[in-house]
Amino acid sequence: MRAVNRLQDKVALVTGAARGMGRSHCVRLAEEGADIIAVDLETAAEELDETARLVDDLGRRCVTSFADVRVGTSLDNAVEHGVSQLGGLDIIVANAGIYADLAPSWELSDVAWQRTIDINVTGTWLTVKAAAPYLGSGGSIVIISSTNGIKGGASTAHYSSSKHAVVGLARTLANELGPLGIRVNTVHPGSVATPMILNTAVFAKLRPDLPNPTQQDAAVALAERNLLPVPWVDPVDVSNAVLFLASDESRYVTGTQVVVDAGLTQKV
Ligand SMILES: NC(=O)c1ccc[n+]([C@@H]2O[C@H](COP(=O)([O-])OP(=O)(O)OC[C@H]3O[C@@H](n4cnc5c(N)ncnc54)[C@H](O)[C@@H]3O)[C@@H](O)[C@H]2O)c1
């Protein structure tokens, strides 16, 4: 992708930066001139290093920190460290999230429900709480929701509830921060080719008709959900929406939802 420096010398915080879309956001924003504060769990240390190497290869700086988004103090430390190294903060991408333990609502365990709410909702709020005080006028907060933040889905009560909840959070933040010139929006990806859905547990949910479904089998089921003839979008397609919302090209866009889903939410 050719860089046009839409984020020249801006600093962006990205949570869940070790892999999947988080890594893609880091790389795409760095391609446009941003330095990155990349945060993820300590268990993802190797992958987080690889994200940092990819940003470094683009000639931008990447400060990595370990933090569990459920723990406010760990986020406070990560943000403080990153800002002290990079000199400020302009963009927050609250991306970390989980999609796990899928089950019908009445079979979902209390633990699975709470873990998803804690990471996807409380973690998003704590991310913004730790980082928003560093933003100034022109700042942008992008919260990663899902098409499950627009419509429900079978066996996703915990996940769909969490992804709807962050829309309420974003709308509230947009009201609170608008007068300060800070924008807040959500991005709603459909199926995206990352480890989150490209795994055997999700393949089995998608193809209960097969004993050991492969990625190709799952792709058939996922493609049926979309208007466009593709099973999923690539992480960079979502990162391009994040880039738009992070940049001044969207300077009057706030409190809204950007959907990148190959038509999933509109299919009848
Ligand atoms: N992949 C999809 O199809 C899809 C679709 C819609 C929305 N999303 C959302 O996009 C975001 C990124 O998803 P992805 O597909 O890249 O997932 P992924 O599983 O590939 O990556 C998620 C990252 O978040 C990190 N993470 C998980 N729990 C954390 C915690 N408690 N603290 C800090 N970091 C944590 C993981 O270590 C990992 O690096 C998530 O919010 C997800 O819900 C994904």
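## A bridge in the sheet

Isoleucine 143 of S5 is the bridge partner of alanine 94. The model shown here is predicted. Strand S4 covers residues 91–94, and four bridges join S4 to S5. The two strands run parallel.

S5 spans residues 140–144. Is this strand mostly covered or mostly open? S5 is mostly covered, with five of its five residues buried. In a regular strand the side chains alternate between the two faces of the sheet. On one side of S5 sit Ser140, Val142 and Ile144. On the other side sit Ile141 and Ile143. Both faces are covered, and these residues are all buried.

## The whole sheet

S4 and S5 belong to an open sheet of seven strands. The order is S3-S2-S1-S4-S5-S6-S7, and the pairing is parallel. Which strands stand at the edges? They are S3 (62–66) and S7 (257–260). Each has a single partner strand, so one side of each is left without a neighbour in the sheet. From one strand to the next, the twist averages 15°.

At the S3 end, the partner is S2 (residues 35–40). Five bridges join S2 to S3, and the two run parallel. One pairing to look for is valine 39 with its bridge partner in S3, serine 65. Strands of a sheet pair through backbone hydrogen bonds, either parallel or antiparallel.

## Helices on the sheet

Helix H4 packs on the sheet. H4 touches S1 (11–15), S4 and S5. The direction of H4 makes about 165° with that of S4.

Helix H5 lies across S5, S6 (183–189) and S7. H5 runs at about 160° to S6. S5 is thus a strand to find twice: H4 touches S5, and H5 lies across S5.

## Valine 166, inside H5

H5 covers residues 157–177, and valine 166 is placed in this helix. Is valine 166 buried or exposed? Its relative accessible area is 1%, so valine 166 is buried.

What does valine 166 touch, beyond residues up to four places away in sequence? The contacts are Asn120, Val121, Thr124, Ile143, Ser145 and Thr186. Ile143 is also the S5 residue that pairs with alanine 94. Serine 145 is 21 residues from valine 166 in sequence. In space the two are 6.7 Å apart, C-alpha to C-alpha.

## Two helix pairs

Two packed helices are described by the angle between their axes and the distance between the axes. Take H3 (residues 72–86) and H4 (residues 110–131) to begin with. Their axes come within 9 Å and cross at roughly 40°. H3 and H4 are therefore oblique to each other. The crossing is right-handed. From H3, the contact uses Gly72, Leu75, Asp76 and Val79. From H4, it uses Gly123, Leu126, Thr127, Ala130 and Ala131. By class, that makes five nonpolar, three polar and one charged residues.

Now turn to H1 (residues 20–31) and H2 (residues 45–57). These helices pack at an angle of about 15°, and their axes are 9 Å apart. H1 and H2 are therefore roughly parallel to each other. Their crossing is right-handed. Arg23, Cys26, Val27 and Ala30 of H1 meet Glu47, Glu50, Thr51, Leu54 and Val55 of H2. This contact has five nonpolar, one polar and three charged residues.

## Alanine 219, in H7

Helix H7 spans residues 215–223 and holds alanine 219. Alanine 219 has a relative accessible area of 15%. Since the cut-off for buried is under 20%, alanine 219 is buried.

Setting aside neighbours within four places in sequence, alanine 219 is in contact with Pro231 and Trp232. Serine 140 of S5 is 79 residues from alanine 219 in sequence. Their C-alpha atoms are 34 Å apart in space.

## Loops with positive phi

Most residues other than glycine have a negative phi, and most peptide bonds are trans. Two loop residues deserve a look here. Aspartate 101 lies in the loop between S4 and H4. Its phi is near 55°, a positive value in a residue other than glycine. Aspartate 101 is partly exposed, with a relative accessible area of 43%.

Serine 155 is in the loop between S5 and H5. Its phi is also positive, near 65°.

Definitions and conventions:
Residues are numbered from 1 along each chain as its sequence is written. This is a predicted model: local features need pLDDT of at least 70, side-chain atom pairs count only at pLDDT 80 or more; totals for chains, interfaces and linings use all residues. Side-chain values use heavy atoms; hydrogens and water are left out. Axes are lines fitted to C-alpha atoms, for helices over the stretch in contact, and angles run from 0 to 180 degrees between N-to-C directions. Angles under 35 degrees count as roughly parallel, over 145 as roughly antiparallel, 65 to 115 as roughly perpendicular and the rest as oblique. A crossing is left-handed if the near helix is turned anticlockwise from the far one by less than a right angle, and right-handed if clockwise. Contact means heavy atoms within 4.5 Å. Ala, Val, Leu, Ile, Met, Phe, Trp, Tyr, Cys and Pro count as nonpolar, Asp, Glu, Lys and Arg as charged, and the others, Gly among them, as polar. Buried means under 20% relative accessible area, exposed over 50%, partly exposed in between (1.4 Å probe, protein chains only). Two strands pair if DSSP finds at least two bridges between them.
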